[in-house]
Amino acid sequence: MIEPVGQVWLDGKVVDAEDSRVGLLTHSLHYGFGALDGFRSYRQDGGGVAAFRLADHLARLRSSASAIGLELGHTHGDLVEGACDVLRTNGLDDAYVRPLVFVGEPNIIFAHWLNPVHVALVPFAWSGYSDRDADAGTTAQVSPYPRPKAHAALYNAKLTGNYLLSVIAFGHARSSGVQQAIFLDEDGFVCESTGENLFAVHGNLVSTPPATRSLLPGLTRATVLVLAAELGYEVAERDLTVPQLHDADEVFTTGTASGVLAIPELDGRRIGDGTAPVARALRQRYLDAARGRLPEHADWLTIL
Ligand SMILES: Cc1ncc(COP(=O)(O)O)c(C=O)c1O
């Protein structure tokens with residue numbers, strides 16, 4: 001469960017969350033026409049709090065919005081400052097912030113440009129999913145709903161409308177007694193899970209599908225590609241098929257909200273011996289970077 005906070009950042013100002021309600025004619029609410037992102041802040045081992053890869057998340061927010069013709073109307077510096085302000089004001093340390101770019105009201109015709117564009121930064125306390133055991137990992141199934149191949153470029157952006165299939169596939173997985181769903185595209189190639197990127201481990205090779213597939217090239221994915229290479233693994237972006245996942249030594253997901261999460265069971269089969277040592281090592285190293293234990297990656301941290 002998410003505990004709502006007292007203050008949010010909306011259109012350039014920190015305001016009471018109570019004053020940030022939107023109207024029923026809000027354009028984005030009707031058509032899923034908007035952009036979003038999600039970044040986390042972490043208590044630092046040496047004291048203080050830092051946001052992880054904040055500049056990259058805010059740059060992705062801007063480019064996602066721009067992919068559908070929306071301009072943010074705030075400088076990068078304003079957004080960085082707003083993000084730090086809203087975390088500090090709410091007294092948060094381990095937290096998640098949801099940036100959202102949405103089209104306001106009252107014109108719910110398709111001419112979205114007749115409405116104002118709003119930008120919000122909504123934080124809440126977060127230490128990971130309470131329904132997923134980070135150590136044990138999670139179960140998954142290949143989703144019966146394929147990602148449309150023709151719209152791969154749209155899926156490369158983080159757009160609100162992209163999540164319709166995610167919500168449906170996630171609900172379908174849960175009603176089948178499985179925790180997570182994995183999308184293929186219409187050619188049968190692996191894309192990602194409903195809200196995370198997917199990796200496979202075969203011996204010393206750690207690989208993930210390329211961004212030419214219908215997927216969001218995540219920042220945790222980018223981080224893990226760097227960390228895996230540093231740990232001595234060969235890394236590759238390459239097409240993966242379902243049999244390659246079933247035959248892998250390990251399968252795991254990466255995402256801001258859940259970090260690195262092993263999938264020891266996929267489609268009812270055990271993957272490798274189910275212990276996922278590579279995913280565990282990467283999960284630990286990722287947390288080390290986020291908590292400020294890796295001086296060589298201090299540039300990923302924005303101290304609040
Ligand atoms: C569809 C999808 N894929 C992948 C990711 C992982 O991206 P990141 O690591 O930047 O959080 C996310 C989360 O934002 C997502 O929603």
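**A nonpolar surface patch and a ligand site**

With a relative accessibility of 48%, L114 counts as partly exposed, because that label covers values between 20% and 50%. The structure discussed here is a predicted model. As for its place in the chain, L114 sits in the loop that runs between β6 (95–103) and β7 (117–125). Together with I109 and W113, L114 makes up a nonpolar patch on the surface, about 370 Å² in area.

Now to the ligand. It has 16 residues around it, and the ones that come nearest are Y163, E192, L219, T220 and T256. Sorted by character, the shell holds 9 polar residues, 4 charged ones and 3 nonpolar ones.

Some of these neighbours can be described atom by atom. In the side chain of Y163, an N or O atom is 2.4 Å from an oxygen atom of the ligand. E192 also uses its side chain: one of its polar atoms lies 2.6 Å from a ligand nitrogen. With L219 it is the backbone that takes part, an N or O atom there lying 2.8 Å from an oxygen atom of the ligand. As for how much of the ligand stays uncovered, the protein buries 95% of the 380 Å² that the ligand exposes when taken alone. Three elements each give two or more residues to this shell, namely α2 (54–67), α6 (219–230) and β14 (250–255).

Notes
Residues are numbered from 1 along each chain as its sequence is written. This is a predicted model: local features need pLDDT of at least 70, side-chain atom pairs count only at pLDDT 80 or more; totals for chains, interfaces and linings use all residues. Side-chain values use heavy atoms; hydrogens and water are left out. A residue is near a molecule or strand if one of its heavy atoms lies within 4 Å of it. A polar contact is a pair of N or O atoms within 3.5 Å; within protein, one must be able to donate a hydrogen and the other to accept it, and residues adjacent in sequence count only if both atoms are side-chain atoms. Accessible areas come from the Shrake-Rupley method with a 1.4 Å probe; for residues, only the protein chains shown count as cover. Helices (H or I, at least four residues) and strands (E, at least two) are DSSP runs, numbered from the N terminus. Ala, Val, Leu, Ile, Met, Phe, Trp, Tyr, Cys and Pro count as nonpolar, Asp, Glu, Lys and Arg as charged, and the others, Gly among them, as polar. Patches are made of residues with over 30% relative accessible area and no salt bridge: like charges are joined within 9 Å, nonpolar side chains (Val, Leu, Ile, Met, Phe, Trp, Tyr) within 5 Å. A salt bridge is a side-chain nitrogen of Lys or Arg within 4 Å of a carboxyl oxygen of Asp or Glu. Buried means under 20% relative accessible area, exposed over 50%, partly exposed in between (1.4 Å probe, protein chains only).
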